[in-house]
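Colleague: Could you take me through this model step by step, with the reasoning behind each answer?

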Amino acid sequence: MTTDFAGELERLDLLLHREILRLRAGYQLSLDELRGVYISDEQVDALIAQGRPPGVPDIVDLTRAADEVEARIADASPLASVARRLQLSRFERDAIFIALAPELNLKYEALYGYLNNAAARRHATVDLILRLCGRTPEARAQLAGSARLLRDGLLEVIDAPGEHRPELAREVMVTPALATALLGLPAFDNRLASCVAPAAERRAAHVAVPPAVEAALAEVGQALAPVAHRPIVLLVGDAAHAPEAAAFALARCWGGGMLRVLG
């Protein structure tokens, strides 16, 4: 699955390498320092060099290379369709991918622990995301608890019981439902298990949807596909399971499944 995100991962490696050089240049990463007891400088250098040509790039080189990769991948990433559908900003998309990276390759746990200066803190922190993507007031506002990344369940904060950290030190991860969807796996949020369940098409399979109705549903599906927050669509039919069959047809237009509300 990492090959689908090859461009995004290449760009992330460049941004992480740039941040390592920045901190070392400012003596915030000492070669003798016990990084989070203990992720060594040599271990990190080996991880960041994986798949990279030999040489010692500087911060300007890495920034330019990251920009070139960003321009090249454009909408090729699996995250692009989610970003379009949810109308995500470039920063929101980057924040999601930085939080997702450890799900794609465990080397990012070590790199994040190193840059967080704590081996046990192996997820992206708010501070790390801002350092990689730009520490602006607008960017920080998009990682606030009231902003949609956290409010709408795209990212979630990892908190140990009774632990209270400064906002910048909070670790975040991609919510399981979004992570499985981005990885191309069947996605269902187990927190909803008490009130909804994936719907099977068996009962509606024998109900034929008239061609005119199917064409109308396809038109509705195409019209609503780019809408971030889709409206409620009420389907009414005379035959048993006809609305259910029509709902499945509409879901197929969007390339998705359907959930049944448990009563």
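**Burial, helix packing and backbone**

Modeller: In this predicted model, 40% of the 263 residues of the chain count as buried.

Colleague: How many helices and strands are there in the chain?

Modeller: The secondary structure of this predicted model is assigned along one chain of 263 residues. The chain has twelve helices and five strands.

Colleague: What share of the contacts with a separation of 6 or more comes from residues 24 or more positions apart?

Modeller: A contact here requires heavy atoms within 4.5 Å. Among the contacts in the chain with a separation of 6 or more, the part contributed by residues 24 or more positions apart is 68%.

Colleague: Are H11 and H12 parallel, perpendicular or oblique to each other?

Modeller: Helix H11, residues 211-224, and helix H12, residues 242-253, have axes that come within 9 Å and cross at roughly 45°, and H11 passes H12 in a right-handed crossing. Angles under 35 degrees would count as roughly parallel and those from 65 to 115 as roughly perpendicular. The angle of roughly 45° falls in neither class, so the two helices are oblique.

Colleague: Which residues make that contact, and how many of them are charged?

Modeller: From H11 come Glu214, Leu217, Ala218, Val220 and Gly221, and they face Ala246, Ala249, Leu250, Arg252 and Cys253 of H12. By class, the residues of the contact of H11 with H12 comprise seven nonpolar and one polar, and the number of charged ones is two.

Colleague: Which handedness has the crossing of H2 with H6, left or right?

Modeller: The axes of helix H2, residues 41-48, and H6 come within 10 Å and cross at roughly 130°, and these helices are therefore oblique to each other. The crossing of H2 past H6 is left-handed.

Colleague: Which residues of H6 take part in the contact with H2?

Modeller: On the H2 side the contact involves Asp41, Gln43, Val44, Leu47 and Ile48. The residues of the contact of H2 with H6 divide into six nonpolar, one polar and two charged. On the H6 side, the residues are Lys107, Ala110, Leu111 and Tyr114.

Colleague: With which side chains does the side chain of Arg24 make polar contacts?

Modeller: Arg24 is found in helix H1, which spans residues 6-25. One polar contact, of 3.0 Å, joins its side chain to that of Asp45, and another, of 2.9 Å, joins the side chain of Arg24 to that of Tyr114. The partners are thus Asp45 and Tyr114.

Colleague: How many nonpolar residues has the contact of H5 with H7?

Modeller: The axes of H5 and helix H7, residues 126-133, come within 10 Å at a crossing angle of roughly 125°, and H5 passes H7 in a right-handed crossing. Phe91, Asp94, Ala95 and Ile98 in H5 meet Ile129, Leu130, Leu132 and Cys133 in H7. By class, this contact of H5 with H7 has no polar and one charged residue, and the count of nonpolar residues is seven.

Colleague: Is Gln87, with its positive phi, buried or exposed?

Modeller: Gln87 lies in the loop between helix H4 (78-86) and helix H5 (90-104), and its phi is near 55°, a positive value in a residue other than glycine. Its relative accessibility is 52%. Because the cut-off for exposure is over 50%, Gln87 counts as exposed.

Colleague: What is the relative accessible area of Asn117?

Modeller: Asn117 is found in the loop between helix H6 (107-115) and strand S1 (124-125), and has a positive phi of about 60° although it is not a glycine. Asn117 is partly exposed, and its relative accessible area is 38%.

Terms used:
Residues are numbered from 1 along each chain as its sequence is written. This is a predicted model: local features need pLDDT of at least 70, side-chain atom pairs count only at pLDDT 80 or more; totals for chains, interfaces and linings use all residues. Side-chain values use heavy atoms; hydrogens and water are left out. Helices (H or I, at least four residues) and strands (E, at least two) are DSSP runs, numbered from the N terminus. Buried means under 20% relative accessible area, exposed over 50%, partly exposed in between (1.4 Å probe, protein chains only). Axes are lines fitted to C-alpha atoms, for helices over the stretch in contact, and angles run from 0 to 180 degrees between N-to-C directions. Angles under 35 degrees count as roughly parallel, over 145 as roughly antiparallel, 65 to 115 as roughly perpendicular and the rest as oblique. A crossing is left-handed if the near helix is turned anticlockwise from the far one by less than a right angle, and right-handed if clockwise. Ala, Val, Leu, Ile, Met, Phe, Trp, Tyr, Cys and Pro count as nonpolar, Asp, Glu, Lys and Arg as charged, and the others, Gly among them, as polar. A polar contact is a pair of N or O atoms within 3.5 Å; within protein, one must be able to donate a hydrogen and the other to accept it, and residues adjacent in sequence count only if both atoms are side-chain atoms.
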